[in-house]
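Student: I have a sequence and a 3D structure open side by side, and I would like to learn how to read them together. Could you take me through some features slowly, with the general idea before each case?

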Amino acid sequence: MDSLRIVPARETKAATTQDTSNSFGLHDTLQYGPRSLAAEVTTNSKIRDRLENWEATQDNLKLQMHQQVFGLHMPMRLLMERKLASYNPHMPVLPQSNLHLDILMGRDESLDCADFMMPASELRQPLDIHADMEKKLRM
């Protein structure tokens with residue numbers, strides 16, 4: 001069952017030139033698409049791939065468990081509430097915080113570096129709020 005996966009799945013390895021070569025030993029672009037040198041050169045570790053997808057996999061697991069216990073309405077309601085909470089129109093010069101979305105995502109009890117360490121760009125005081133709003137609204 002892929003839907004109740006606890007750990008993220010392994011990333012599928014991209015095809016190499018040896019796998020996509022034709023009878024002349026060249027890359028067959030018509031059958032396999034354009035050749036990507038970045039995919040051939042980049043080597044990622046297995047643990048890095050899994051850590052990048054960890055939160056999405058855990059979120060998917062929680063939604064699937066909610067669906068099995070409470071029915072289809074529960075994950076749909078949670079996703080709808082997350083979408084509504086993620087829309088956060090705010091003044092561009094003020095720091096942005098979305099506590100409601102953090103609670104819905106289950107991040108309200110965890111402490112990350114972004115929670116207590118702000119970059120220097122957020123610490124500066126704005127000189128002109130009107131200019132920042134005009135920049136945001138492209139006026």
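Tutor: Let us begin with helices, which are taken here as DSSP runs of H or I with at least four residues, numbered from the N terminus. Please keep in mind throughout that this is a predicted model.

Student: Which two residues of helix α5 are separated by about one helical turn?

Tutor: The general idea is that an α-helix has 3.6 residues a turn, so residues three or four places apart point the same way. In this structure, R77 and E81 are 4 residues apart in helix α5, and therefore about one helical turn lies between them. Their side chains meet in a salt bridge, with 3.2 Å from N to O. R77 counts as partly exposed at 48% relative accessibility, and E81 is also partly exposed, with a relative accessible area of 24%.

Student: How many salt bridges does the structure hold, and which residue forms one with E52?

Tutor: The structure holds 4 salt bridges, and the term needs a cut-off: a side-chain nitrogen of Lys or Arg has to lie within 4 Å of a carboxyl oxygen of Asp or Glu. E52 forms a salt bridge with R48, and the closest N and O atoms of the two are 3.4 Å apart. Both belong to helix α3 (residues 46-52), where a spacing of 4 residues separates them by about one helical turn. E52 counts as exposed, at 53% relative accessibility, whereas R48 is partly exposed at 48%. E52 also has a neighbour from another part of the sequence to look at, for its C-alpha atom and that of P8 are separated by 8.8 Å, although the two residues are 44 residues apart along the chain.

Student: Where do the two residues lie that meet in the salt bridge between D59 and R82?

Tutor: The side chains of D59 and R82 meet at 2.9 Å, N to O. D59 lies in helix α4 and R82 in helix α5 (residues 73-86), so this pair ties together parts that are 23 residues apart in sequence.

Student: Are D59 and R82 buried or exposed?

Tutor: To decide, we ask whether the relative accessible area is under 20%, which counts as buried, or over 50%, which counts as exposed. D59 has 18% and is therefore buried, and R82, at 11%, is counted as buried too.

Student: What can I learn from helix α4 as a whole, beginning with its length?

Tutor: Helix α4 has 17 residues and reaches 24 Å from its first C-alpha to its last, which is close to the 24 Å expected at 1.5 Å a residue. Its buried residues are T57, Q58, D59, L61 and L63, and these buried residues pack against α5. W54 is also placed in helix α4, which covers residues 54-70, but W54 is partly exposed, with a relative accessible area of 37%. Together with I6 and V7, W54 makes a nonpolar surface patch of about 270 Å².

Student: How should I read a positive phi, and where is R138 placed?

Tutor: Most residues other than glycine have a negative phi. R138 departs from that, since its phi is positive, near 55°, in a residue other than glycine. R138 is placed in the segment after α9 (129-136), and at 79% relative accessibility it counts as exposed. You can also look at G71, which follows α4 and has a positive phi near 110°.

Student: In which loop is G106, and how far is G106 from D59 in space?

Tutor: G106 sits in the loop between α6 (99-105) and α7 (113-116), and it counts as partly exposed at 46% relative accessibility. Although G106 and D59 are 47 residues apart in sequence, their C-alpha atoms are 9.3 Å apart in space.

Student: How many helices and strands does the chain have, and what fraction of its residues is buried?

Tutor: The secondary structure comes to 9 helices and 0 strands, and buried residues make up 12% of the 139 residues in the chain. Of the contacts with a separation of 6 or more, 48% join residues 24 or more positions apart. The accessible surface of the chain comes to about 12,100 Å², and 58% of it belongs to carbon and sulfur atoms.

Definitions and conventions: Residues are numbered from 1 along each chain as its sequence is written. This is a predicted model: local features need pLDDT of at least 70, side-chain atom pairs count only at pLDDT 80 or more; totals for chains, interfaces and linings use all residues. Side-chain values use heavy atoms; hydrogens and water are left out. Buried means under 20% relative accessible area, exposed over 50%, partly exposed in between (1.4 Å probe, protein chains only). Patches are made of residues with over 30% relative accessible area and no salt bridge: like charges are joined within 9 Å, nonpolar side chains (Val, Leu, Ile, Met, Phe, Trp, Tyr) within 5 Å. Accessible areas come from the Shrake-Rupley method with a 1.4 Å probe; for residues, only the protein chains shown count as cover. The expected span of a helix is 1.5 Å times one less than its number of residues. Contact means heavy atoms within 4.5 Å.
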